[in-house]
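Good morning. I will take one structure and go through a few of its features in turn. Please keep the sequence and the picture in view while I talk.

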Amino acid sequence: MRNAIAAATMFGLCLGSVPAEADQAADQVADGKTLAEEHCSRCHVVGDFNKFGGIGSTPSFQLLVDAFDDWAERFETFQARRPHPSFVRVAGYPYPDPDVFPPNAAPVEIELDDIAAIRAFAESLRKK
C-alpha cells in the first residue's frame, strides 16, 4: 500500500511538472519572438511580424529553419557569423575589435539567454 501511495505521489508530481515545463518553453518562445521582432527584423523577415520587411539578400527566419539542416547551430552561433560580430554584443563577452569588425549598423545588446530564446522562437516557425 505504501509503495502504491509513493508511486501515485511520484506520478502526480511528474504530471504537475509537465505544465510548468510547457509554460517555461512557451515563455521562452514568446521572449524569443519579442527579441527577434525588436532586433532581428531590421534585416530578416521574422514570421508574420514583417512579411515584406528585412533586407532582400538576408534569409528569412522561415527559410533558415526549413531549408538548412544546420539551422539550430546557425541560430546558436549567429552572433559569431558575419555580419553579426560587427554589431551584436553579448553581455559578459568581449566586444570584437572595431578595427577588425567596424560597426555597420547600430549595436544590438543581448544576454546569453536571449540567444536560446531566439532559437526557441525560430524552432516554433518550423513546418512540421
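Start with disulfides: this is a predicted model, and the count of disulfides in it is 0. Take Cys40 as the case to check. Why is Cys40 not bonded to Cys43? A disulfide needs two cysteine sulfur atoms within 2.5 Å. The cysteine sulfur closest to that of Cys40 belongs to Cys43 and lies 8.6 Å away, so the gap is too far for a bond. The same 8.6 Å holds when you start from Cys43, whose nearest cysteine sulfur is that of Cys40, and Cys43 is in no disulfide either. Is Cys40 buried or exposed? Its relative accessible area is 13%, and the cut-off for buried is under 20%, so Cys40 is buried.

Cys40 also turns up among the contacts of Ile118. Leaving out neighbours within four places in sequence, Ile118 is in contact with Gly32, Leu35, Cys40, Phe61, Phe75 and Phe78. That brings me to the core.

The largest nonpolar core has 22 residues. Which of them have the most contacts inside this core? They are Phe61, Phe75, Ile110 and Ile118. Two or more residues come from each of α1, α2, α3, β1, β2 and α4, the last of these being residues 112-125. Helix α4 gives the most, with 6 residues. As background, nonpolar side chains in soluble globular proteins tend to be buried together.

Now look at Phe75, which sits in helix α3. Its relative accessibility is 5%, so Phe75 counts as buried. Setting aside residues up to four places away in sequence, Phe75 touches Phe61, Leu64, Val65, Ile115, Ile118, Arg119 and Ala122. One of these is worth finding in the sequence: Ile115 is 40 residues from Phe75 along the chain, yet their C-alpha atoms are 7.4 Å apart in space.

Next, the pockets. The largest pocket has a volume of about 470 Å³. It is lined by 25 residues, and the closest to its centre are His44, Thr58, Phe78, Pro83 and His84. Which elements supply at least two residues each to this lining? They are α1 (2-40), α2 (61-67), α3 (71-76) and β2 (108-110). By class, the lining of the largest pocket has 16 nonpolar, 5 polar and 4 charged residues.

Two of the residues closest to that centre deserve a word. His44 is in the loop between α1 and α2. With a relative accessibility of 10%, His44 counts as buried. Apart from residues up to four places away in sequence, His44 touches Asn50, Gly54, Thr58, Pro59, Phe61 and His84. Pro83 is in the loop between α3 and β1. A cis peptide bond, with omega about 5°, joins Arg82 and Pro83. For context, most peptide bonds are trans.

The second largest pocket has a volume of about 170 Å³. Its lining has 11 residues, and nearest its centre are Gln79, Val88, Val90, Tyr93 and Pro94. Where does the largest share of this lining come from? Strand β1, residues 88-90, gives 3 residues. The lining of the second largest pocket divides into 9 nonpolar, 1 polar and 1 charged.

To finish, go back to Phe61. Phe61 is among the residues with the most contacts inside the largest nonpolar core, and Phe61 is also touched by His44. That is all I have.

Key:
Residues numbered from 1 in each chain as written. Predicted model: local features only at pLDDT ≥ 70, side-chain atom pairs only at ≥ 80, totals over all residues. Heavy atoms only, no water. Buried < 20%, exposed > 50% of the residue type's maximum accessible area, 1.4 Å probe, protein only. 1 Å grid on protein atoms, 1.4 Å probe; cavity = no way out; pocket = protein on both sides within 12 Å on 5 of 7 lines; lining within 4 Å. Points joined across faces, edges and corners; volume = space filled by probe spheres on them. Helix = DSSP H or I, 4+ residues; strand = E, 2+ residues; numbered from the N terminus. Nonpolar A, V, L, I, M, F, W, Y, C, P; charged D, E, K, R; others polar. Contact = heavy atoms within 4.5 Å. Core = buried A, V, L, I, M, F, W, Y, C linked by side-chain atoms within 4.5 Å.
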